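Hi everyone, thanks for making the time today. I'd like to walk you through one structure, so please have a look at the screen first.

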2 protein chains.
Amino acid sequence: MSTISDVARAAGVSVATVSRALRGVSTVSSQTRERVLKAADELHYVASPMAASLASGRTRVIGLVTPFLTRWFFATAVSAVEKALREFDFHVLLIDLEADSMLERRALTNKMLSKRVDGLITINVPIRPEELTLLERLGLPVVAIGNPVPGHPLVHIDDALAVRTGLDHLVNLGHTRIGYAGAVPARAEHRLVPRQRLTGFRDGMTEHGLAIQESWVMSCDWSAQGAARRASELFATDNVPTAIMCGSDEMAIGVMSEAISAGLRVPEDLSVVGVDDYYLSDVVRLTTVRQDVIAQGEAAATTLLHTLLATSTGSAPDLPSGMSEDQVLTVPTTLVRRGTASRIRSGTGAPASFLGSPTEH
Amino acid sequence: MSTISDVARAAGVSVATVSRALRGVSTVSSQTRERVLKAADELHYVASPMAASLASGRTRVIGLVTPFLTRWFFATAVSAVEKALREFDFHVLLIDLEADSMLERRALTNKMLSKRVDGLITINVPIRPEELTLLERLGLPVVAIGNPVPGHPLVHIDDALAVRTGLDHLVNLGHTRIGYAGAVPARAEHRLVPRQRLTGFRDGMTEHGLAIQESWVMSCDWSAQGAARRASELFATDNVPTAIMCGSDEMAIGVMSEAISAGLRVPEDLSVVGVDDYYLSDVVRLTTVRQDVIAQGEAAATTLLHTLLATSTGSAPDLPSGMSEDQVLTVPTTLVRRGTASRIRSGTGAPASFLGSPTEH
DNA sequence: CTGTTAGCGCCTTCAG
DNA sequence: CTGAAGGCGCTAACAG
């Protein structure tokens with residue numbers, strides 16, 4: 001492990017010059033820079049991030065806070081953030097809150113943040129009051145994805161609109177008996193995303209002049225398994241909707257599975273629409289309202305880097321286009337029509353299918 | 001941000017004593033320890049990891065190398081490793097190689113490892129010769145999951161056996177016309193897992209005295225989409241197997257989807273078995289050979305911590321039970337019967353279903 | 001059991 | 001444009 005003074009000696013300059021040359025700051029004559037670069041390369045020299053942090057007071061590490069890592073949305077967002085940060089030589093410290101169900105999770109602590117990260121990105125985590133106090137005391141820049149963190153920039157989609165878009169599609173197709181999967185237990189209502197998506201459904205139904213059957217509004221833990229369980233109960237009754245709008249694609253897949261098990265054909269007997277464009281949704285031909293998770297991760301990273309690097313010399317990225325004065329960026333969503341929603345009509349000869357017909361009618 | 005000397009002053013002791021008390025090393029009288037702890041607490045003191053690293057030469061950071069983060073297997077493994085390391089106050093530095101297809105990926109570089117991590121865990125990454133040289137020069141302890149890294153401990157499953165287990169099940173059910181999804185293009189054959197799973201299929205078929213139809217051995221990129229595409233081509237021919245063994249559950253889901261689209265009933269017309277026990281597999285009632293990804297992640301973390309902490313005073317974890325002298329731990333796999341495989345028989349009145357019947361026959 | 005004293009490797013003034 | 005020197009906050013001998 002060579003150190004900066006090894007390089008200085010090899011290049012015949014001082015350590016200060018090596019430091020400057022390698023970081024490209026201040027002015028260094030191009031000849032000496034060349035010599036330094038060459039020496040560093042030959043010695044396989046890499047500056048110690050720890051020593052650099054200690055001396056500079058900046059760690060170039062961002063804490064990435066997520067309730068789970070194993071679900072598609074979160075893994076995709078983490079991946080996008082990590083990639084965006086890397087381009088600016090920042091690194092990710094994973095902070096997995098290990099939410100089980102939607103209620104329990106570990107808390108953010110002083111110990112995991114203090115002197116460790118320059119900033120924080122949260123992915124759909126409802127921050128608790130005491131955690132907010134902590135962030136304030138630490139003076140950490142924070143950017144939230146999805147669930148907002150009061151007083152900090154937010155990157156999200158319009159969740160109510162997303163569901164509304166899917167619902168409108170079903171209504172246009174002629175459906176009036178429409179259910180919803182994705183309400184949450186009352187105790188989980190601090191989670192904004194499920195709540196807003198449900199709001200989109202309720203408001204939309206009302207505006208379309210359609211009655212909401214409360215027995216068709218299924219609440220669960222937002223997993224495919226949970227939705228499947230509730231759908232299974234619904235299909236066992238003699239009062240079944242002709243369409244189900246789902247708060248997420250994973251839940252939609254759970255609903256479809258149980259529909260088929262119950263002998264219903266999708267989409268002939270039951271139309272299903274989700275939200276997300278989950279990575280298996282095209283394979284199962286699920287009609288959905290797409291959200292761009294990667295764009296959200298990148299925007300959050302860029303926003304944070306912008307504030308972090310604003311004071312420093314040189315290249316701070318611009319704020320992502322669309323980030324408003326009030327610190328909110330709403331990424332658009334779009335309807336993606338595949339096979340699982342269709343116009344209501346009487347029996348056809350089409351084979352029952354989990355997937356829905358390849359094209360919609 | 002209080003420092004160690006703030007605490008020392010507040011507690012009326014030296015910084016060395018604070019350091020000792022807080023780390024629980026050496027001997028400190030319980031009364032002074034109490035005073036130190038109290039002072040530290042009141043000052044919200046947390047030791048700077050950077051300063052500690054610089055002084056001790058250890059970072060307590062493990063590089064976690066993965067080809068993707070967005071796929072279930074990898075996200076699950078990362079999560080398990082992170083959790084296991086955290087218990088010993090170690091942290092994860094994410095190194096996402098961003099493999100696209102199975103061929104291209106970023107390389108491991110000196111810069112991302114040097115002076116930054118105490119060790120490395122790789123998740124299914126075939127290491128290149130020059131990378132191996134780098135690891136050697138750095139003297140980094142490495143533990144591999146899945147795809148081995150020559151000369152380092154390995155935690156994996158018996159991939160050939162896993163497929164063999166699924167295949168045996170199909171054969172027991174009476175199938176003889178069996179296809180396979182999950183071969184890979186020749187250029188991707190440095191990936192050991194796909195290769196060994198295919199080997200399990202070929203050897204198993206041979207030992208059962210069954211003929212392998214090469215047109216039924218489908219190679220793809222190991223995604224659900226890729227498998228779906230190949231299956232779709234197969235189902236368009238007039239020579240279709242009665243069962244398809246799949247190298248992964250995600251591929252199995254792709255295969256099932258296309259089967260249904262092609263008008264085949266699962267499992268009545270086509271039995272499907274996968275490997276993994278993917279998190280949606282129970283929802284779609286996929287019969288599969290389960291592997292315990294979390295156990296593998298934990299075992300890899302424990303193995304690495306064991307060697308890392310072996311010299312230091314105090315609590316190094318034991319090697320995971322089953323880790324052999326030759327540094328290989330093979331985690332067992334088990335058949336999980338759900339609905340998508342069934343005994344061959346002539347037409348029943350059962351409804352066509354993506355999911356397969358709830359119970360097998 | 002506790003205090004003193006060197007660094008760890010780098011960044012950052014401040015001079016020149 | 002370059003060099004010298006003082007920390008950054010902590011750990012790790014070494015004394016006592």
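Let me start in the middle: how many residues does the largest nonpolar core have, and which of them have the most contacts inside it? Keep in mind that what you see is a predicted model. The core has 181 residues, and those with the most contacts inside it are Ile121(A), Val255(A), Ile121(B) and Val255(B).

Let's take one of these, Ile121(B), and see what surrounds it. Setting aside neighbours within four places in sequence, its contacts are Ile62(B), Leu64(B), Val65(B), Val81(B), Val143(B), Ile145(B), Ala300(B), Ala301(B) and Leu304(B).

Now hop over to chain A and find strand S1, residues 61-66. Is this strand mostly covered or open? Mostly covered: 6 of its 6 residues are buried. Val61(A), Gly63(A) and Val65(A) point one way from the strand, while Ile62(A), Leu64(A) and Thr66(A) point the other way. That fits a general rule, that side chains in a regular strand alternate between the two faces of the sheet. Here, the residues pointing either way are all buried. S1(A) also has a partner in S2(A), with 6 bridges in the parallel sense. If you'd like a spot to zoom in on, Leu64(A) sits opposite Leu94(A) of S2(A).

Next, the two protein chains together. Here, 48 residues of chain A are in contact with 48 residues of chain B. On the chain A side, the elements giving two or more residues are H4, helix H5 (72-86), strand S2 (91-96), helix H6 (110-113), helix H10 (224-235) and helix H11 (249-261). H5(A) has the largest share, with 7 residues. What is this side made of, by class? It has 25 nonpolar, 16 polar and 7 charged residues.

On to the DNA. Around strand C there are 26 residues, and Ile4(A), Ala51(A), Ala55(A), Ala16(B) and Thr27(B) come nearest. Both chains take part: helix H2 (15-23) and helix H4 (49-56) of chain A, along with helix H2 (15-23) and helix H4 (49-56) of chain B, each give two or more residues to this surface. Which helix gives the most? That would be H4(A), with 5 residues. By class, the surface near strand C has 15 nonpolar, 10 polar and 1 charged residues.

DNA strand D has 26 residues around it, and the nearest are Thr27(A), Ile4(B), Ser19(B), Ala51(B) and Ala55(B). H2 and H4 of chain A, and H2 and H4 of chain B, each supply at least two residues here. For strand D the largest share comes from H4(B), with 5 residues. The class counts near strand D are 15 nonpolar, 10 polar and 1 charged.

One last stop, in chain B. There is an open sheet of 6 strands, in the order S7-S6-S8-S9-S10-S12, with mixed pairing. Its edge strands are S7 (217-219) and S12 (333-336), each pairing on one side only. Neighbouring strands are turned by 15° against each other on average, direction ignored. Within the sheet, S8(B) and S9(B) run parallel, joined by 3 bridges, and Ala243(B) has Ser271(B) as its bridge partner in S9(B). Finally, helix H10 of chain B, residues 224-235, lies across S6, S7 and S8 of chain B, at about 140° to S7(B).

That's my tour, and I'm happy to take questions.

How values were computed:
Residues numbered from 1 in each chain as written. Chains lettered and ligands numbered in written order. Predicted model: local features only at pLDDT ≥ 70, side-chain atom pairs only at ≥ 80, totals over all residues. Near = placed C-beta within 6 Å. Helix = DSSP H or I, 4+ residues; strand = E, 2+ residues; numbered from the N terminus. Nonpolar A, V, L, I, M, F, W, Y, C, P; charged D, E, K, R; others polar. Contact = placed C-beta atoms within 7 Å. Pairing = 2+ DSSP bridges. Axes fitted to C-alpha atoms, helices over the stretch in contact; angles between N-to-C directions. Core = buried A, V, L, I, M, F, W, Y, C linked by C-beta atoms within 7 Å. Buried ≥ 20, exposed ≤ 12 C-beta atoms within 10 Å, placed from the backbone.
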